[in-house]
Amino acid sequence: MLTFIGLGLWDERSVTVEGREALRAADRVFAEFYTSRLVGTTVEALESHHGVDVEVRDRAGVEQDPAPILDAAEEGDVAFCTAGDTMISTTHVDLRVRAAERGIDTRVIHGVTAQSAASSLTGLQNYRFGKAVTLPFEYAHGADGTPQSVIDGIEANRERGLHTLVYLDIKVAGSSPAGPAEGEPDEYMTADHAAAALARDWDADAVGVAVARAGSPDPVVEADTLAALGERDFGDPLHMLVVPGELHHLEAEALAELAGCPESALPDFD
């Protein structure tokens, strides 16, 4: 059996009760933290809290060399853990398909996702979000400015009145030649960096919502124009950015009351 477990958004306690039980019952536990991170904890704290040994795999160890995970799942009960919800990344879908092709039973234990948290914290309705986009570091995509695909994605959503969740780039040390070298700190794009990039390359007056440390005891949610957000400091990672589309009056009220959005940046419903 190969059980995919979403660990939630913040620390070793963010996993569901069902996920905790499966994690502790597994014969072996694998994890990857290159698609996202539990920035409120460490691997050592995760191991200590749940009484397990966690074998962390890098990108190559999951995508190019999954055999150790699959071999172990043929012999016993294996847990494969990720931050957030475990099936958000196509990497994990591929691993599940490979397991099925080898006749290995699989199951999925979901965790809280960044998208559901973004909706909950901002007051923007979940069913009014369109396709999400990912904003890479400038050096990572080999071109100046914001990729046109990101701008096109936001504009396509806005044409339909939909909100856009902008996932922000993470570069794990040693994971790619373009990122930080092994032994250097991981690099996390901040919401102010993302807002400033979109203000420069797209629309400085558009409303944005910065979400920092979703799932933690002290999340930060601030709404303003992209230009204004680009000049602020939202503290430690992880960050997200939301670019709202057409706002319902209740959503506009939520941005004002829950995220401090200035009235001048919001539509007039009178």
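Me: Which residues does Thr82 touch, not counting residues up to four places away in sequence?

Reply: This is a predicted model, so read every contact as a property of the prediction. Thr82 touches Ile5, Gly6, Leu7, Glu32 and His92 under that sequence filter.

Me: Where is Thr82 found, and is Thr82 buried or exposed?

Reply: Thr82 is in strand S4. Its relative accessible area is 0%. Buried means under 20%, so Thr82 is buried.

Me: How do I read the sheet that holds S4? What is the strand order?

Reply: Begin with the general idea. Strands of a sheet pair through backbone hydrogen bonds, either parallel or antiparallel. Here the order is S3-S2-S4-S1-S5. The sheet is open, has five strands, and its pairing is parallel.

Me: Which strands stand at the edges of that sheet?

Reply: Strand S3 (54-56) and strand S5 (106-109) do. Each has a single partner strand, so one side of each lacks a neighbour in the sheet. From one strand to the next, the twist averages 25 degrees.

Me: Now the pairing in detail. How many bridges join S2 to S3, and how many join S2 to S4?

Reply: Strand S2 (residues 28-31) is joined to S3 by three bridges. Four bridges join S2 to S4. S2 runs parallel to S3, and S2 also runs parallel to S4.

Me: Which residues are the bridge partners of Val29 in S3 and in S4?

Reply: In S3 the partner is Val54. In S4 the partner is Ala79. Use Val29 as a marker when you trace these pairings.

Me: Where is the place of Val52, and which residues is Val52 in contact with beyond four places in sequence?

Reply: Val52 sits in the loop between helix H2 (43-50) and S3. Beyond its sequence neighbours, Val52 is in contact with Leu23, Arg24, Val29 and Glu47. Val29 thus appears again, this time as a contact of Val52. Also look at Ala26: it lies 26 residues from Val52 along the chain, with 8.6 Å between the two C-alpha atoms.

Me: Does a loop position say anything about burial? Is Val52 buried or exposed?

Reply: Read burial from the accessible area. Val52 counts as buried, at 11% relative accessibility.

Me: What is the strand order in the sheet that contains S12?

Reply: The order is S6-S7-S12-S10-S11. This sheet is open, with five strands and mixed pairing. Strand S6 (133-135) and strand S11 (220-225) are its edge strands, each pairing on one side only. The twist averages 25 degrees from one strand to the next.

Me: How many bridges join S6 to S7, and which residue in S7 is the bridge partner of Thr134?

Reply: Three bridges join S6 to strand S7 (residues 164-168), and the two run parallel. Tyr167 is the partner of Thr134.

Me: Which strands does helix H6 lie across, and which does helix H9 touch?

Reply: Helix H6 (residues 114-122) lies across S7, strand S10 (207-212), S11 and S12. It runs at about 120 degrees to S7. Helix H9 (residues 191-203) packs on the sheet and touches S6, S7, S10 and S12. The direction of H9 makes about 35 degrees with that of S12.

Me: Next, the record. Which residues does UniProt list for "binding site"?

Reply: The unreviewed UniProt entry lists Leu9, Asp85, Ile88, Thr113, Ala114, Leu168, Ala214 and His239. Now set the list against the model. The lining of the largest pocket includes Leu9, Asp85, Ile88, Thr113, Ala114, Leu168, Ala214 and His239.

Me: Take two of them. Is Ile88 buried or exposed, and is His239 buried or exposed?

Reply: Ile88 is exposed, with a relative accessible area of 57%. Ile88 is found in the loop between strand S4 (78-82) and helix H5 (90-101). His239 is buried, at 6%. His239 is found in strand S12 (residues 239-243).

Me: Which residues does His239 touch, not counting residues up to four places away in sequence?

Reply: His239 touches Leu168, Met189, Thr190, Ala191, Val211, Ala212, Arg213 and Phe234. Among them, Leu168 is also on the UniProt list.

Me: Last, the cysteines. How many disulfides does the count come to?

Reply: The general test is a pair of cysteine sulfur atoms within 2.5 Å. The count comes to zero disulfides. Cys81 is buried, with a relative accessible area of 2%. Cys261 also counts as buried, at 5%.

Key
Residues numbered from 1 in each chain as written. Predicted model: local features only at pLDDT ≥ 70, side-chain atom pairs only at ≥ 80, totals over all residues. Heavy atoms only, no water. Pairing = 2+ DSSP bridges. Axes fitted to C-alpha atoms, helices over the stretch in contact; angles between N-to-C directions. Buried < 20%, exposed > 50% of the residue type's maximum accessible area, 1.4 Å probe, protein only. UniProt positions renumbered as here; feature names shortened; annotations may be inferred. 1 Å grid on protein atoms, 1.4 Å probe; cavity = no way out; pocket = protein on both sides within 12 Å on 5 of 7 lines; lining within 4 Å. Contact = heavy atoms within 4.5 Å.
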